[in-house]
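Here is a brief report on one chain. Please look over the sequence and the fold before reading on.

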Amino acid sequence: QVQLVESGGGLVQAGGSLRLSCAASGGTFSSYTMGWFRRPQGKEREFVVSISSSGGTTTNNADSVKGRFTISRDNAKNTVYLQMNSLKPEDTAVYYCARKRGTAYADWGQGTQVTVSS
């Protein structure tokens, strides 16, 4: 059973940057697609970005994160990262990483809070 642990969240001013990390243990990492999701308070969870085992990335089609958020992975460290730049108050949310099994994201971390102040 894989365990995913996010870290790196916190409070940042608008325009600032944060890098989230998601460390995986207890299961295979390198052969799976990994994704980042977020849930703003009072709203549904939404897909942000994913990275395949070969390094290909898919970003939410909404303009909200394109060009500002970048996903990467280090298979040697069993870790996936989310670099977030030019942060906006509307990026405030709990951010989750997840591992995709088959066609669905089946393994989830506990989440890390990101708060962007204006």
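## Strand pattern

Read from start to end, the chain runs β-β-β-β-β-β-β-β-β-β-β. That gives 11 strands and zero helices. Keep in mind that this is a predicted model.

## Overall dimensions

The chain has 118 residues and a radius of gyration of 13 Å. A compact globule with 118 residues would come out near 13 Å, so the chain agrees with that expectation. Along the principal axes, the C-alpha atoms fill a box of roughly 40 × 25 × 25 Å.

Burial and surface can be read next. Of the 118 residues, 41% count as buried. The accessible surface of the chain is about 6,100 Å². Carbon and sulfur atoms contribute 43% of that surface.

Contacts also reach across the sequence. Take the contacts in the chain with a separation of 6 or more: 53% of them join residues 24 or more positions apart.

## The four-stranded sheet

One open sheet is built from four strands. Their order is β1-β3-β8-β7, and the pairing is antiparallel. The edges are β1, residues 3-7, and β7, residues 69-74. Each of these edge strands pairs on one side only. On average, neighbouring strands of this sheet are turned by 15° against each other, with direction ignored.

Look at the β1 edge. β1 pairs with β3, which spans residues 18-25. The two strands are antiparallel and share five bridges. Within this pairing, Val5 stands opposite Ala23 in β3.

## The disulfide

How many disulfides does a search of the whole structure find? The search finds one. Cys22 and Cys97 form it, with their sulfur atoms 1.9 Å apart. That falls inside the 2.5 Å cut-off for a disulfide.

Where do the two cysteines sit? Cys22 lies in strand β3, and Cys97 lies in strand β9, residues 93-101. The pair links distant parts of the chain, 75 residues apart. β3 thus holds one end of the disulfide, and β3 is also a member of the open sheet.

Is the disulfide right-handed or left-handed, and why? The torsion about the S-S bond is about 45°, so the disulfide of Cys22 and Cys97 is right-handed.

Are Cys22 and Cys97 buried or exposed? Both are buried. Here buried means under 20% relative accessible area.

Note on methods
Residues are numbered from 1 along each chain as its sequence is written. This is a predicted model: local features need pLDDT of at least 70, side-chain atom pairs count only at pLDDT 80 or more; totals for chains, interfaces and linings use all residues. Side-chain values use heavy atoms; hydrogens and water are left out. Two strands pair if DSSP finds at least two bridges between them. Axes are lines fitted to C-alpha atoms, for helices over the stretch in contact, and angles run from 0 to 180 degrees between N-to-C directions. Buried means under 20% relative accessible area, exposed over 50%, partly exposed in between (1.4 Å probe, protein chains only). The radius of gyration is taken over C-alpha atoms; the globule rule is 2.2 Å times the number of residues to the power 0.38. Contact means heavy atoms within 4.5 Å. Accessible areas come from the Shrake-Rupley method with a 1.4 Å probe; for residues, only the protein chains shown count as cover.
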